[in-house]
Amino acid sequence: MMTQHTIDCILPLRRRGRAGQQSFPAGPVPQPSSPADRATRSPGRVPRVARLMALALRYEQFLRAGTVRDYVALANLGQVSRGRISQIMNLRQLAPDIQEQILFLPCVQQGRDPIHLHHLQPLAVILDWRKQRRMWKVLQRELTL
């Protein structure tokens with residue numbers, strides 16, 4: 001007759017990255033906020049397009065500084081497709097004042113974001129910033145931003 005034995009142990013597991021994978025340089029360490037700082041901030045969450053706009057700006061810094069070579073490297077680092085990187089980076093084609101307005105969209109209190117990336121893609125392909133601004137105003141009225 002065979003006796004069953006059970007062995008209990010803890011195995012330290014580490015996740016390994018892909019060979020040759022780079023990492024982005026670390027940004028400044030965020031300082032803990034005081035209760036007064038938290039009280040002045042509005043509750044809610046930052047809209048996704050605002051985060052994507054900030055990401056596009058950050059990616060452009062990496063490209064200009066030579067930290068990453070091209071969109072393919074960005075896609076590999078972010079573990080997204082090259083097409084997605086292009087969509088995000090297309091936000092840099094918007095007029096600077098529109099980019100600023102996107103960055104400072106009000107926080108979403110509940111429900112879905114009022115504006116999505118697919119709303120901004122048609123604006124980004126237009127090279128004339130005056131026409132972009134007119135289309136942006138129309139979009140704002142439609143979405144009541």
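# Salt bridges and helices: questions and answers

Q: Which residue does the side chain of Arg130 meet in a salt bridge?
A: In this predicted model, the side chain of Arg130 has a salt-bridge partner, with 3.7 Å from N to O. A pair counts as a salt bridge when the nitrogen is within 4 Å of the carboxyl oxygen, so 3.7 Å passes. The partner is Asp128.

Q: Are Arg130 and Asp128 buried, partly exposed or exposed?
A: Residues over 50% relative accessible area count as exposed, those under 20% as buried, and the ones in between as partly exposed. Arg130 has 58%, so it is exposed. Asp128 has 32%, so that residue is partly exposed.

Q: How many salt bridges does the structure hold?
A: Arg130 with Asp128 is one of them, and the side chains of Asp97 and Arg133 make another, at 2.9 Å from N to O. Counted over the structure, the number is 6.

Q: How many residues apart in sequence are the parts that Asp97 and Arg133 tie together?
A: These two side chains meet in a salt bridge. Asp97 sits in helix α5 and Arg133 in helix α7 (residues 129-143), so the pair joins parts of the chain separated by 36 residues.

Q: Are Asp97 and Arg133 buried, partly exposed or exposed?
A: Let's use the cut-offs again: partly exposed lies between 20% and 50%. Asp97 comes in at 29% relative accessibility. Arg133 has 28%, so the label for Arg133 is partly exposed, and Asp97 too counts as partly exposed.

Q: Which residue forms a salt bridge with Arg92, and where is that residue?
A: The closest N and O atoms of the pair are 2.5 Å apart, and the partner of Arg92 is Glu60. The two are 32 residues apart, a link between distant parts of the chain. Arg92 is in the loop between α4 and α5 (96-103), while Glu60 is in helix α2 (residues 48-65).

Q: Is Glu60 buried or exposed?
A: Its partner Arg92 has 23% relative accessible area, so Arg92 is partly exposed. Glu60 has 19%, and under 20% means the residue counts as buried.

Q: Which residues are linked with Glu60 in a network of salt bridges?
A: We've already met one of them, the partner at 2.5 Å. The network links Glu60 with Arg64 and Arg92.

Q: At what angle do α2 and α4 pack?
A: Their axes are 8 Å apart. The helices are roughly perpendicular, which means an angle of 65 to 115 degrees. The value here is about 100°.

Q: How do the residues in the contact of α2 with α4 divide into nonpolar, polar and charged?
A: On the α2 side, the contact residues include Leu52, Tyr59 and Glu60, and on the α4 side they include Arg84 and Ile88. Leu and Tyr count as nonpolar, Glu and Arg as charged. The split is 8 nonpolar, no polar and 3 charged.

Q: Which residues does Arg48 touch, leaving out those up to four places away in sequence?
A: Arg48 is found in helix α2. With a relative accessible area of 43%, Arg48 is partly exposed. The residues touched are Arg84 and Asp113.

Q: How far apart are the C-alpha atoms of Arg48 and Arg112?
A: Along the chain, these two are 64 residues apart. In the model, the separation of their C-alpha atoms is 9.9 Å.

Q: Is α2 roughly perpendicular or oblique to α5?
A: The two helices pack at about 125°, with axes 8 Å apart. Roughly perpendicular covers 65 to 115 degrees and roughly antiparallel starts over 145. The angle falls between those ranges, so α2 is oblique.

Q: How many of the residues in the contact of α2 with α5 are nonpolar?
A: The contact is made by Val49, Ala50, Met53, Ala54 and Leu57 of α2 with Gln99, Ile102 and Leu103 of α5. There are no charged residues here, and 1 is polar. The number of nonpolar ones is 7.

Q: What is the phi of Gln79?
A: Most residues other than glycine have a negative phi. Gln79 sits in the loop between α3 (71-78) and α4 (82-89), and counts as exposed at 56% relative accessibility. Its phi is positive although it is not a glycine, at about 55°.

Q: How many helices and strands does the protein chain have?
A: From the N terminus on, the elements run α-α-α-α-α-α-α. The total comes to 7 helices and 0 strands.

Terms used: Residues are numbered from 1 along each chain as its sequence is written. This is a predicted model: local features need pLDDT of at least 70, side-chain atom pairs count only at pLDDT 80 or more; totals for chains, interfaces and linings use all residues. Side-chain values use heavy atoms; hydrogens and water are left out. Helices (H or I, at least four residues) and strands (E, at least two) are DSSP runs, numbered from the N terminus. Buried means under 20% relative accessible area, exposed over 50%, partly exposed in between (1.4 Å probe, protein chains only). Contact means heavy atoms within 4.5 Å. Axes are lines fitted to C-alpha atoms, for helices over the stretch in contact, and angles run from 0 to 180 degrees between N-to-C directions. Angles under 35 degrees count as roughly parallel, over 145 as roughly antiparallel, 65 to 115 as roughly perpendicular and the rest as oblique.
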